[in-house]
Amino acid sequence: MLSATFLEHCPQWRDFALVQSFYKFINDVVIFETEIVDKTARRIAKNRFPQPLPLACRYDAMTVVVDEDYHALVALDFLQQTVALTGIAPIDMPEQIELSHALPAAQAQVPAHLRDAMELVGVAIAENTVTHDVAAFSKDSSIKASVRGLMADHLFDEGRHALFWTRLVRLYWQTASADDRDSIAQALPVFLAHYLTNNLQKHFNLQLIEHFDVSADVRTALRAEVAAMDFPIGRHHPLLANIMGFLHHSGLLQTASVARALNDYLPVTGRPA
Ligand SMILES: [Fe+2]
Ligand SMILES: [Fe+2]
């Protein structure tokens with residue numbers, strides 16, 4: 001929306017685009033909570049994971065299930081109220097998020113007996129990715145109080161979750177064999193490439209443009225600007241600092257094969273020799 005064409009020709013579509021973007025955020029949250037985190041946490045809670053876990057872990061996993069389903073409920077409540085207050089109906093929303101692709105793609109890279117472990121690591125990465133950014137967001141007084149409250153409430157639970165997943169992965173990693181660790185290591189770049197891509201966002205932006213009442217020339221120019229949106233997945237990607245923090249705290253990054261596999265993502269000073 002900061003593109004030249006949008007600023008010059010579409011200022012009247014700003015609020016519509018912002019509200020739809022907010023709807024997408026809510027939609028993504030619901031998919032993430034109910035289809036991704038709930039699913040993995042529920043299987044851990046019910047002892048369906050191949051690695052036997054202490055009862056305390058299973059209990060904590062069940063609190064994550066309850067939290068995430070509650071977050072999805074709050075998100076839908078917020079969506080419902082926003083539609084009622086703005087009168088703006090959501091356009092068709094995506095049915096998948098980046099993780100919907102990243103998890104199976106990474107799991108396809110590892111032997112069958114490691115698929116669950118790969119899922120655990122992927123979900124743990126995702127649960128550690130945005131926490132700090134949400135924290136900053138929930139403290140920003142320029143943001144509408146209701147949205148800030150929504151984020152702060154969610155963050156309160158996510159701080160706990162980040163710790164839970166980090167400790168669980170640490171526990172797993174300590175017992176994993178060298179071969180298993182190396183298999184997961186080589187799948188991590190595949191996971192990150194799918195997780196950090198902006199392809200789905202680009203696709204959504206293109207859909208959004210179709211709803212603007214603008215001339216054919218303006219629409220073509222907007223489409224070209226979206227197509228040119230490049231977001232390289234190198235070490236400067238804004239989400240990588242949090243992800244690397246997680247990989248460090250869970251013990252993965254201390255494994256040589258992990259550090260080697262993620263060499264391109266590490267800051268120059270942190271690279272293995
Ligand atoms: Fe959540
Ligand atoms: Fe969570």
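**Helix 2 against helix 9**

I looked up how helix 2 passes helix 9 in this predicted model, and the crossing is right-handed (the near helix is turned clockwise from the far one by less than a right angle; anticlockwise would be left-handed). Helices here are DSSP runs of H or I with at least four residues, numbered from the N terminus.

Next I checked the contact, meaning heavy atoms within 4.5 Å. Helix 2 brings Phe 16, Ala 17, Gln 20, Ser 21 and Lys 24, while helix 9 brings Gln 201, Phe 204 and Leu 208.

**The iron site**

Which residues hold the iron ion (ligand 1) as protein donors? I found Glu 33 (OE), Glu 68 (OE), His 71 (ND1), His 154 (NE2) and Glu 158 (OE), at 2.0 to 2.3 Å from the ion. Donors are N, O and S atoms within 2.8 Å of the metal (3.2 Å for Na, K and Ca), and water isn't among the atoms, so sites may look incomplete.

I wrote down the donor spacing in sequence too: E-x34-E-x2-H-x82-H-x3-E. Distant parts of the chain get linked: Glu 33 sits in helix 2 and His 154 in helix 7 (residues 145-175), 121 residues apart.

Glu 68 also bridges to the iron ion (ligand 2), and the two ions lie 3.7 Å apart.

Is Glu 33 buried or exposed? It counts as buried because its relative accessibility is 0% (buried is under 20%, exposed over 50%, partly exposed in between, with a 1.4 Å probe and protein chains only).

**Ground rules I noted**

Residues count from 1 along each chain as its sequence is written, with chains lettered from A and ligands numbered from 1 in written order. Local features need pLDDT of at least 70, side-chain atom pairs 80 or more, while totals for chains, interfaces and linings use all residues, and side-chain values use heavy atoms without hydrogens or water.

Methods:
Helices (H or I, at least four residues) and strands (E, at least two) are DSSP runs, numbered from the N terminus.
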